[in-house]
Amino acid sequence: MTSHVLHTPTTLTIRPVQQGDAGEIARIYNVYVEQTTISFEEEVVSIEEMSRRIDEVLDAKLPFLVAEQDGNIVGYAHASKWKGRCAYRFSVELSVYIDKPHSGTGIGSKLYDELFRLLRELGVHALIAGISLPNEASVALHEKLGMTKVAEFKQIGFKFERWIDVGYWQVTLG
């Protein structure tokens, strides 16, 4: 007898972050902290610290989005101030993290599409993303969205007993 598995389509929802999301966001992020050089942090981030970081983004009046599928958070993206000086007020740095089992499914693009839309509405001019290298998936995502490489710093991070380069990608919103 042959069994058939019925695959039902799932709905992906992009929504603003809520404080109750901090635990799931920390869970997603900490995989990158513990297993990759994508994050330069070396210690896991507590739920309380992630909650503080969410507040920091929201207090700056910048968007912090989560992707939710079947009631589970599967990714998040946010903008943060590029630098503290006033003249940088129209420039932001982007971050996007996808739950590992959902990598490569288009969730990052959907999060960034909505993030870019919100940043345009806020009058943000320059979007900047730092990417530890090599990272083909992240480079492809950012370039797909029109970002171009503008800089590369050699051996500026040290994690897992090796030196890591960081490239910067940028796009200006019209």
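Is K159 buried or exposed? K159 is buried, at 2% relative accessibility. Buried means under 20% relative accessible area, exposed over 50%, and partly exposed in between, with a 1.4 Å probe and protein chains only.

This is a predicted model: local features need pLDDT of at least 70, side-chain atom pairs count only at pLDDT 80 or more, and totals for chains, interfaces and linings use all residues. Residues are numbered from 1 along each chain as its sequence is written, and side-chain values use heavy atoms, with hydrogens and water left out.

**Around K159**

K159 belongs to strand β6. Helices (H or I, at least four residues) and strands (E, at least two) are DSSP runs, numbered from the N terminus. Beyond neighbours within four places in sequence, the contacts of K159 include Y32, V33, F40, E41, E42 and I164. Contact means heavy atoms within 4.5 Å. The K159 side chain also reaches the backbone oxygen of V33 at 2.7 Å. Such a polar contact is a pair of N or O atoms within 3.5 Å; within protein, one must be able to donate a hydrogen and the other to accept it, and residues adjacent in sequence count only if both atoms are side-chain atoms. D55 is 104 residues away from K159 along the chain, and their C-alpha atoms are 28 Å apart.

**Strand pairing**

Two strands pair if DSSP finds at least two bridges between them. The table gives four antiparallel pairings.

| Strands | Bridges | Example of opposite residues |
|---|---|---|
| β1 (residues 12-16) and β2 | 5 bridges | T13 and E68 |
| β2 and β3 (residues 72-81) | 6 bridges | L65 and A77 |
| β5 (residues 126-133) and β7 (residues 162-172) | 8 bridges | L133 and D165 |
| β6 (residues 148-159) and β7 | 8 bridges | F153 and V166 |

Strand β2 spans residues 64-69 and is mostly covered, with 5 of its 6 residues buried. β2 and β3 form a hairpin with 2 residues between them. In that turn, D70 has a positive phi of about 55°. The hairpin of β6 and β7 also has 2 residues between its strands.

**Backbone exceptions**

Most residues other than glycine have a negative phi, and most peptide bonds are trans. F160, in the loop between β6 and β7, departs from this with a phi near 55°. F160 is partly exposed, at 44% relative accessible area. Q155 lies within strand β6 and has a positive phi of about 50°, although it is not a glycine. The peptide bond from L133 to P134 is cis, with omega near 0°. P134 sits in the loop between β5 and α4 (136-144).

**Core and rings**

The largest nonpolar core has 46 residues. A nonpolar core is a set of buried Ala, Val, Leu, Ile, Met, Phe, Trp, Tyr and Cys residues joined through side-chain atoms within 4.5 Å. Among those with the most contacts inside it are M50, Y76, L94 and L127. Setting aside residues up to four places away in sequence, L127 touches residues including V92, L94, F116, M147 and W169.

The structure holds 8 aromatic pairs. Rings of Phe, Tyr and Trp (its six-membered ring) pair if their centres lie within 6.5 Å; planes under 30 degrees apart count as stacked, over 60 as edge-to-face and the rest as tilted. One aromatic cluster is formed by Y29, Y32, F64, Y76 and Y97.

The charged end of K83 sits over the ring of W82, 5.5 Å from its centre. The criterion is NZ of Lys or CZ of Arg within 6 Å of the ring centre and within 35 degrees of the ring normal.
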